[in-house]
Every structure is written in C-alpha cells, then in structure tokens.
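Q: I'm new to this one, could you walk me through it?
A: Of course, let's look at it together.

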Amino acid sequence: MTSAESRQGSRSGHGVSRRGLIGGGAAAAGLAGAFAAGRATAAEPAGTSGAAGPSYAFRGEHQAGITTPAQDRLHFAAFDVTTRSRAQLVALLKAWTEAADRMTRGLPAGEVGPVEGAVDMPPDDTGEAIGLPASGLTITFGFGPTLFHDAAGRDRFGLADRRPAALEELPHFPGDVLDPARSYGDLCVQACAQDPQVAVHAIRNLARVGFGAVSVRWSQLGFGRTSTTSTSQSTPRNLFGFKDGTANVKAEETAALAEHVCVGSRDDERADWLVGGSYLVARRIGMGIETWDRQGLGDQEASIGRTKSTGAPLSGGGEHATPDFSMPGSDGPVIPRGCHLSVVHPDHNGGARMLRRGYNFVDGTNALGGLDAGLFFLAYVRDPRTHFIPVQMRMAKVDALMEYLRVTGSALFAVPPGVGPGEHVGQALFA
Ligand code: HEM
C-alpha cells in the first residue's frame, strides 16, 4: 500500500474533532483520541463550557454571535458574489451552513479533514486549527443590499421583490471618508472566538469553500471586544482607554431585544424571511489616538461624558448610574451637551437603543507614522432607519468625539434568523 493509498484508506474522518487530530500522523491513535474529544465538543449544548472550552450551537431560533457573550477576537469578511447562478448561490449557502455547523463544534470544516484525504486533492480543511478547541466560535451570516440588485437596479438572483425596504446602502455621513475597498458587500460573515486563529480559520475555510461563487471583498481583524452583551461580563475598554459597553443592550434584556434588535413579524411585509433576524451595521472607525493621548484627562472625560476610572457618568454614581443631563456644572451641564454620552443617549434619540458588538483594531502604521488604529464598530438593530441612521447623523454633526474619528469603511447587512435542523442559512429568502 502506498502512503497515498493508506491515507485515502483512512478517510473516515467524519465527525473527528480538531483536538483529536493533535499529532495527526498516526491515524489510529488520532481517531481514538478524536472519538473522545469529539464527544466532548459535539455533545455540549449551546453556551456550555467544557474541557474543550465554551462552544455555542450554530443552529437555533436566532443566529449565534449577536446576543452570545461577546468573545475576545473577531475576523469579519464581506464577500462579492461572483456567480450569476441562483442555484450556485443556494449551493454555496448550503455548503457554508454545513462547514459553519462543523467548525463551531470544534470539528474540521469538511468531513474528511485536513490530513486524512487523498494526497492529490486539496484537503477539505486548511489545518491551522488542528489541536484547537471550538474556542467559543460563532459564525453569523448577513446579506447586503447588492445581493438583491446591482448598481443599475437590476435583479441579480430573482430576489429583488424580497429586499427589505430598510436594506439600502447607508447614506453619506459627515466625517465619512469611505474607501470602497473597505465598504459594502453582497454577503458578510462575522466570526468571533476566544482564539484569533480559530476565527481566522473559519473565515479562511468559508472563503475556500466559496471559491468560484464568491470572493472576499474586504476583511477586518479585531481584538479586545469593546462591548458587553451579557450582564455576566465585565465592561472592557476601547483604545481611548474608556470603558465601553456599559449601557449596551444585553442578552438578559428580552423586552429591549424585541423592541430594538430583533425584526418583528409586522415590520416589513415583503421581508417575512427576516422576521426574528436583525440588521448589522459595520463601520471601520479610525481613531486619532496620538492626538487623543495629548489631551488632558479632564478634556477626555468631557468628550465621553463618563469618568475614565470607573466609567460612571460625570453626574455621579457608579458605572451603571443613570446620567443626569440637567445637573449643573461650573460652565453649563456637568455632562456636556456635545459629549458622546449625551449625543447618542436614547433620551436624546427618540428612545432608540442598539446592540453594539465592536472590536478594537490596529492595522499597522499610517503614512504619518501613527498607528492605523480604531474601533471596528458593529451594531445590531431592528431597523437602521430608526435605530442607527438618525443617531449616527446626530453624532457626525455634533459629537465632540468626531474631532478624533475618521470613518473609512461602512456596510449594512440583513441578518436572517437562525437555522433550523436540516435547513441552510437564509433558506426562507430563497423559498
Ligand atoms: C470610535 C468610536 C466610538 C467610541 C470610542 C465610542 C465610545 C463609547 C463609550 C466610551 C461609551 C460609554 C460606555 C457605554 O455605555 O458603552 C459609548 C456609548 C455609546 N455609544 Fe459609542 N463610541 C464610538 C462610536 C459610536 C457610534 C458610531 C455609535 C452609533 C452611531 C455609538 C453609539 C453609542 C451608544 C448608543 C452608546 C450608549 C449610550 C447610552 O445608552 O448611554 N458609538 N460609546
């Protein structure tokens, strides 16, 4: 038996977990280890933490990666659909569903695995996650406006009459200096995990699976979550050094999720397929951190409206105290009217809230030798026309923070509801 035959003979990698592939040369030992480790990950219910770390079920009523406790690492990718065939697009979504279901369980992307297949074929998993557990991986899919119609308004895949009215490219906001190569997209995939290699592995394998049907338009790596999506999490800090995520919509706030995040059954009659889903706003916001670092602590706090130490509103109390916007200070309200907290607060935006799920990024240095750093802002909302665009417009016009910000990327996606047993992502859209 040649080594190729012997490796073909071991194509029984179905269900083998990546942990089982540690030291993957010895097939028998690998499979035995895989069986035990595979049980550990695959059998875990959603959101449990076992020996292999946390894992979240891919299938469910809602897509994971929205209210799931925000993980520490992100790889986000927007794709252009390159095929003109609706059947090929549906086949892609089926293949993506299978691969995502497997990878979120800590399994290789394909059934054969990275080292078990025929030597004359590319492996159906790229291998860099061998030995790594699920790491809390969630994979969340979205559909951009350009999936429904092209730039000339032509229906691309027979979906135009199912495009939600709210799914239009975001308007231009003051301060936007958008790079088209970092903006828009027909499809998006948000991969979040505790381990960056696991998140990158997920995007890379989905791009590989999609070869011939999609190409990556842009992608963004993120580290250090800048929000909390569960009351069980402590509040992290953004690159300005301030606590971020204090007043975010949390998974435990079921009424707020229904009101501000989840698309309702009567929201849009031509988009019944989106009921139970959401809209995802993605904004790559460059932060002038060198300029920020030269501001006095008092000025920094006056720009945010909260203290840098505890994150409490400048009107006093603890981190979660309700801000008092009318409390007088020595020169106007103690929480300045133009600070970020005041400008974006629901009291000043018709009650609108959003579920923020952003990440810090540092993409090397810019032409001036400063850090190309910022916040990759991600927010899930029930309707961008009421819950994001007016807030962003107000922020762009009057927020003191804008002096330090430069938005270089922007996109909007409709995020379908969860995937049931035997279904594929977005099945109701194509039904
Ligand atoms: C680099 C850009 C940004 C930075 C550094 C930043 C920073 C912060 C900080 C420190 C807080 C206070 C803590 C908290 O409640 O989370 C906050 C709150 C908030 N931010 Fe931002 N933010 C940025 C961009 C945005 C954008 C683009 C929007 C939406 C248009 C936004 C919407 C909000 C909202 C809704 C709150 C909660 C307000 C409340 O309910 O009290 N932020 N942000």
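A: One convention to begin with: Ala, Val, Leu, Ile, Met, Phe, Trp, Tyr, Cys and Pro count as nonpolar, Asp, Glu, Lys and Arg as charged, and the others, Gly among them, as polar. The model is predicted, with local features needing pLDDT of at least 70 and side-chain atom pairs 80 or more, while totals for chains, interfaces and linings use all residues. Residues are numbered from 1 along each chain as its sequence is written, and side-chain values use heavy atoms, leaving out hydrogens and water.

Q: OK, so how does the shell around the ligand divide into nonpolar, polar and charged?
A: The shell's residues divide into 16 nonpolar, six polar and four charged.

Q: And which residues come nearest to the ligand?
A: Of the 26 residues around the ligand (a heavy atom within 4 Å), the nearest are G245, T246, A247, H340 and R356.

Q: What does the polar side-chain atom of H340 lie 2.9 Å from?
A: That atom of H340 lies 2.9 Å from a nitrogen atom of the ligand, a polar contact being a pair of N or O atoms within 3.5 Å; within protein, one must be able to donate a hydrogen and the other to accept it, and residues adjacent in sequence count only if both atoms are side-chain atoms.

Q: What about T246?
A: A backbone N or O atom of T246 is 3.1 Å from an oxygen atom of the ligand, and a side-chain N or O atom of D244 is 3.4 Å from a ligand oxygen.
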